[in-house]
Amino acid sequence: MDGFRKKKILLAGVLMIFSYGLVNNTIGFFVTPVSESLGCSRAAFNLYYSVSCIVSLLAAPVCGRFLQQQNARKVIAAGWAVGTVTFAAFSLCTRIELFYAAALFLGLVQQGTTSVAAMVLIQRACADNSGSATGLVMSGTGICSVSMSLVLPVLIERRGWQPAYFLEAVLWFLAMGAAFFLVKGTVEQPDFRGKQTGGAEKGAEIQGISLKDALCRSGFYVLFLCFAVQGMCTIVIQHIPSFLTELGKSAAEAGTVMALFSVILIVGKIVLGILFDHFGAVKSLILNFLSLALGMWLLIGGHNGFLYSGVVLMGFGMASITVLFPLVTEYVFGKREYPSLWGMMSMAISCGTACGSPLLGMVYDLSGSYRPAFLFMPVVIVANAAVIAGIMSHRGTYKRPVVS
C-alpha cells in the first residue's frame with residue numbers, strides 16, 4: 001500500500017477514535033447537570049452509559065466479523081447514521097428512562113464502528129509499525145477530550161446540557177462522515193483486501209490462531225478478565241471533573257485541568273506506541289500501568305503540586321485500553337483472525353466500563369467522596385499488570401493451534 005493511502009487510513013482512524021471519545025470521554029461533564037436536572041442520582045445517570053456498554057459488548061464481535069469479511073465501509077456507515085441520531089436524541093431526553101432507551105442504540109455503534117474498526121484498518125495498513133500507528137490514531141480521543149474540555153463546561157454553564165449533546169451529534173456526523181469518505185477507494189484495493197483476509201494461500205503464512213482455537217484456551221479468558229478490570233479502573237476519567245469539584249475547584253478550573261489531562265493523553269498515546277515498537281510489549285505495559293496507579297494516588301493529595309503531577313501520570317497511564325490492549329491482543333494471539341479476536345476482546349473493555357462507571361457513582365453516593373475509589377484502584381491496577389505481563393511472557397503457548 002502506498003504512502004498516500006496509508007495517510008488516508010490514519011486520518012480516518014483518528015476521526016473514528018475522536019468519535020469514540022465523544023461517547024466515552026465526555027460523559028463526566030454531564031453527570032452533575034443532568035442528574036440535578038432530572039432529579040436522579042449520579043449512579044442512576046451513569047447507568048445509561050452502562051446500558052450502552054452492555055449492548056456494545058454484544059455488538060463489537062459482530063462488527064469484527066463484518067470487518068473480517070471486508071465490509072469496513074458498511075460498518076462505518078452504520079456507525080455514522082446511528083450515532084448521529086442517538087446523540088441528537090440525548091438532547092431531547094426529559095426523563096432518565098429515555099436516556100436508557102437511546103443508550104441501546106448508541107451501544108450498537110459505540111465501539112464496533114469506531115475503535116474496533118479503526119484498529120482493524122490500522123493493523124492491516126501499518127503492520128510494520130503498528131505500535132506507532134496505533135498511538136497516533138488513538139490520540140484522537142485526546143484531541144476530543146482537549147477540545148470538549150474547553151467547550152462543554154462553558155456551553156453547559158451558559159446554555160444547558162441539551163445544546164451540548166446536540167453539539168456532539170453534529171461533531172459525530174462530521175467526523176464519522178469524513179472517515180467514511182476517506183476509506184472509500186482504499187479498503188477496496190486488492191493489496192489491502194489481500195492483507196485483510198489473508199486468503200487461502202496466505203493463511204498459513206499469517207502467524208497466530210483462530211478465534212475458535214483462542215476460545216479453547218484459559219489464557220484468553222484470563223486476559224479478557226484483566227482487560228475488563230482495567231476498563232473498570234480507567235473509567236475513572238468520567239468522574240474526574242466531579243472529583244475536582246469535590247476538591248473545591250470551579251467548573252472553569254476543572255475544565256482547565258481536564259484540558260491538560262487531555263493534552264498529556266494525546267502525547268502519552270503517541271509515546272506509548274513508540275515505546276511498544278522500540279522497547280517491547282512487556283516493559284511498555286508495566287511502565288504504563290505503574291504510571292496510572294501512581295497518578296491516582298497523587299491526585300487525591302488535593303494540592304496543586306500533587307494534583308498536576310497526578311494528572312500528567314494519569315494522562316500517560318490512561319492510554320492502556322486504547323493503545324496497549326489492541327496491540328497486546330495481536331502480540332499474544334497473532335494476526336490470523338485479528339478482527340474477530342479484537343472484536344471479542346474489546347467486549348471486555350465494554351464490560352469493565354459498564355460496571356465501573358455506576359460503581360464509582362455509587363461510591364460517591366454512599367460515602368460522599370471519590371477518595372475511597374482512588375485509594376483502592378491503584379492496588380488493583382498493579383496486580384493486573386503482573387497478571388497480563390505473565391500472559392504476554394507465554395504468548396507462544398497461546399499462538400499454537402489447538403490439537404484435537
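**Cavities and a helix pair in a predicted model**

Modeller: In this predicted model, the lining of the second largest cavity comprises 9 nonpolar residues, 1 polar and 1 charged.

Colleague: What makes Glu168 the charged residue of that lining?

Modeller: The lining consists of Leu22, Val23, Thr26, Ile27, Phe30, Tyr48, Tyr49, Phe87, Leu106, Tyr165 and Glu168. Glu counts as charged, whereas Tyr and Phe count as nonpolar. Glu168 is therefore the charged residue in the count. The elements giving two or more residues to this lining are α1, α3 (42–68) and α8 (161–183), and the cavity has a volume of about 50 Å³.

Colleague: Why are α4 and α5 called roughly antiparallel?

Modeller: Helix α4 (residues 72–90) packs against helix α5 (residues 96–109) at about 160°. Angles over 145 degrees count as roughly antiparallel, so α4 and α5 fall in that class. Their axes are 9 Å apart, and the crossing of α4 past α5 is left-handed.

Colleague: What makes Gly79 and Gly83 polar in the contact of α4 with α5?

Modeller: Both belong to the α4 side of the contact, which also includes Thr86. Gly is placed among the polar residues by definition. The contact divides into 11 nonpolar residues, 3 polar and no charged.

Colleague: Which residues are closest to the centre of the largest cavity?

Modeller: They are Asn24, Asn25, Ile237, Ile321 and Thr322, out of 14 lining residues. This cavity has a volume of about 150 Å³, and its lining divides into 7 nonpolar, 6 polar and 1 charged. Helices α1 (3–24), α14 (251–279) and α17 (320–333) each supply at least two of its lining residues.

Technical notes: Residues are numbered from 1 along each chain as its sequence is written. This is a predicted model: local features need pLDDT of at least 70, side-chain atom pairs count only at pLDDT 80 or more; totals for chains, interfaces and linings use all residues. Side-chain values use heavy atoms; hydrogens and water are left out. Axes are lines fitted to C-alpha atoms, for helices over the stretch in contact, and angles run from 0 to 180 degrees between N-to-C directions. Helices (H or I, at least four residues) and strands (E, at least two) are DSSP runs, numbered from the N terminus. Angles under 35 degrees count as roughly parallel, over 145 as roughly antiparallel, 65 to 115 as roughly perpendicular and the rest as oblique. A crossing is left-handed if the near helix is turned anticlockwise from the far one by less than a right angle, and right-handed if clockwise. Contact means heavy atoms within 4.5 Å. On a 1 Å grid over the protein atoms alone, a cavity is a set of points where a 1.4 Å probe fits but cannot get out, and a pocket is an open set with protein on both sides within 12 Å along at least five of seven lines; lining residues have an atom within 4 Å of a point. Grid points are joined across faces, edges and corners, and a volume is the space filled by probe spheres set on the points.
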